[in-house]
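Dear colleague,

I am handing over a structure that I would like you to look through at your own pace. Please open it first, and then read the notes that follow beside it.

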Amino acid sequence: MELSNIEKLLEKYFEGETTISEEEKLKVYFTGEDVSPDLEKYKPLFEYFSQESTVAPTRNITLKKNRKSWYYSIGIAASIALAVGLFFTKTAPEPNHDLGTYDDPEIALEETKKILNMVSQYMNEGKEGLVYLKEFENTKNKFIK
Amino acid sequence: MKEGAFITLTNTFKDKLFRLAKRLLVSNEEAEDATQEILLKLWRNKSKMGEYKNVEAFAMTMTKNYCYDKLKAKETGNLKIVHSNYQDDKPSLQRQLEAKDSLDWVGKIMNSLPEQQRAIIQLRDIEQYTNPEIADMLGLNETTVRVALSRGRKKIREELLKKHNYGVV
């Protein structure tokens, strides 16, 4: 094809106004042997385009091998196992209802008092440890008034 | 639809999906994953296949959306290092080395274009779809496609000439 024609097409090409068939002409021209030295610089562009149009994936793409559905079935299996496990463990031990109840209210009162006393005694013992906090307070007051 | 028929149908455009994905995601592995994912999605929705006007165009749109999502996820997931106070006037060593192989160089230029221009040039100059088809696939109007195409091509030309004249001018 004439050189001036190619140049015109190139100009149109960069304006985005060429048709597919005109672009095909350009591609044929530039991938051929006989490219004018002035236009040599555009050669890699069109060569690249035709090279890229043949690229294909190397890995075979399959439909059966579905990673997601694999996870899916594992998930279902796990949840069934969990449900079954819960069902069996929950029904196993019967709670003991004998809590050692007192029949006589007097004794019950005494026992309750004893327990409450014990609790308050432990509480007081625990509070003794807090005396040190007072020391901190004193020291702090020495510096910050 | 039987699996055999589905495979025959998708085989006609499977590579195109892959190439578009590769153009947008750059990495080979990611593009293969994308293609697989798109084909599986199509396979799962095979009952709706009859409703699509053009399965190929539909698959292309799916690929585009998938890749854009991937790119967005990457952008938010990755820490970007931006040199704002650093500029090198000379072409870097890496650039000089890359320039050796002019075809690779075109690829590099192309992959440095904005996603939209990249996708449009891929579809037009490599896959040879018409502008109306591309507009339909990418959800753009035809004028946008033409303008983006022209911009992308001019940008490639500019970079290509820069490289070509390097050391001459």
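**What was found**

In chain B, residues 24 or more positions apart account for 66% of the contacts with a separation of 6 or more. Please keep in mind while reading that this is a predicted model. In chain A, among the contacts between residues at least 6 apart in sequence, 32% join residues that are at least 24 apart.

**The two chains**

Both chains can be described by their helices. Chain A has 6 helices and 0 strands, and along the sequence it reads α-α-α-α-α-α. Chain B has 9 helices and 0 strands, which run from the N terminus on as α-α-α-α-α-α-α-α-α.

How much of each chain is buried? In chain A, buried residues make up 19% of the 145 residues, while in chain B they make up 43% of the 169 residues. The accessible surface of chain A comes to about 11,800 Å², with 60% of that area belonging to carbon and sulfur atoms; for chain B the accessible surface is about 9,600 Å², and 50% of it belongs to carbon and sulfur atoms.

**Where helices of the two chains meet**

A good place to begin is helix α1 of chain A, residues 3–15, whose axis comes within 6 Å of the axis of helix α9 of chain B, residues 142–164, the two crossing at roughly 120 degrees. Because of that crossing angle, α1(A) counts as oblique to α9(B). On the chain A side the contact is made by A:E11, A:Y13, A:F14 and A:E15, and on the chain B side by B:R146, B:S150, B:R153, B:K154 and B:R157. When the residues of this contact are sorted by kind, they divide into 2 nonpolar, 1 polar and 6 charged.

**A mostly covered helix and the nonpolar core**

Helix α3 of chain A, residues 43–52, is mostly covered, since 7 of its 10 residues are buried. Which residues of α3(A) are buried? They are A:K43, A:P44, A:L45, A:F46, A:Y48, A:F49 and A:E52. These buried residues pack against α1 and α2 (20–31) of chain A, and also against α2 (14–25), α6 (102–111), α7 (115–126) and α9 of chain B.

One of these buried residues, A:F49, deserves a closer look in the viewer. Leaving aside residues up to four places away in sequence, A:F49 touches A:Y13 and A:K27 in its own chain, and B:M110, B:I121, B:D125 and B:I126 in chain B.

A:F49 also appears in the largest nonpolar core, which has 61 residues, and in which A:F30, A:L45, A:F46, A:F49 and B:L42 touch the most other members. Helix α4 of chain B, residues 55–77, gives the most to this core, with 8 residues.

**B:K14 and B:T35**

Is B:K14 buried or exposed? This lysine, found in helix α2 of chain B, is buried, because its relative accessible area is 16% and the limit for buried is under 20%. Apart from residues up to four places away in sequence, B:K14 touches B:T35 and B:L39. The C-alpha atoms of B:K14 and B:Q36 are separated by 9.2 Å, although the two residues are 22 residues apart along the chain.

Its contact partner B:T35 is found in helix α3 of chain B and is buried as well, with a relative accessible area of 1%. Not counting residues up to four places away in sequence, B:T35 touches A:I61 in chain A, together with B:K14, B:L17 and B:F18. The C-alpha atoms of B:T35 and B:M62, which lie 27 residues apart along the chain, are separated by 9.9 Å.

**Two residues with positive phi**

Most residues other than glycine have a negative phi, so two exceptions are worth noting. Phi of B:V26 is near 70 degrees; this residue is found in the loop between α2 and α3 (28–44) of chain B and is partly exposed, with a relative accessible area of 43%. Phi of B:Q128 is near 60 degrees; B:Q128 is found in the loop between α7 and α8 (131–138) of chain B and is partly exposed, with a relative accessible area of 32%.

With best wishes

How values were computed. Residues are numbered from 1 along each chain as its sequence is written. Chains are lettered from A and ligands numbered from 1 in the order in which they are written. This is a predicted model: local features need pLDDT of at least 70, side-chain atom pairs count only at pLDDT 80 or more; totals for chains, interfaces and linings use all residues. Side-chain values use heavy atoms; hydrogens and water are left out. Helices (H or I, at least four residues) and strands (E, at least two) are DSSP runs, numbered from the N terminus. Buried means under 20% relative accessible area, exposed over 50%, partly exposed in between (1.4 Å probe, protein chains only). Contact means heavy atoms within 4.5 Å. Accessible areas come from the Shrake-Rupley method with a 1.4 Å probe; for residues, only the protein chains shown count as cover. Axes are lines fitted to C-alpha atoms, for helices over the stretch in contact, and angles run from 0 to 180 degrees between N-to-C directions. Angles under 35 degrees count as roughly parallel, over 145 as roughly antiparallel, 65 to 115 as roughly perpendicular and the rest as oblique. Ala, Val, Leu, Ile, Met, Phe, Trp, Tyr, Cys and Pro count as nonpolar, Asp, Glu, Lys and Arg as charged, and the others, Gly among them, as polar. A nonpolar core is a set of buried Ala, Val, Leu, Ile, Met, Phe, Trp, Tyr and Cys residues joined through side-chain atoms within 4.5 Å.
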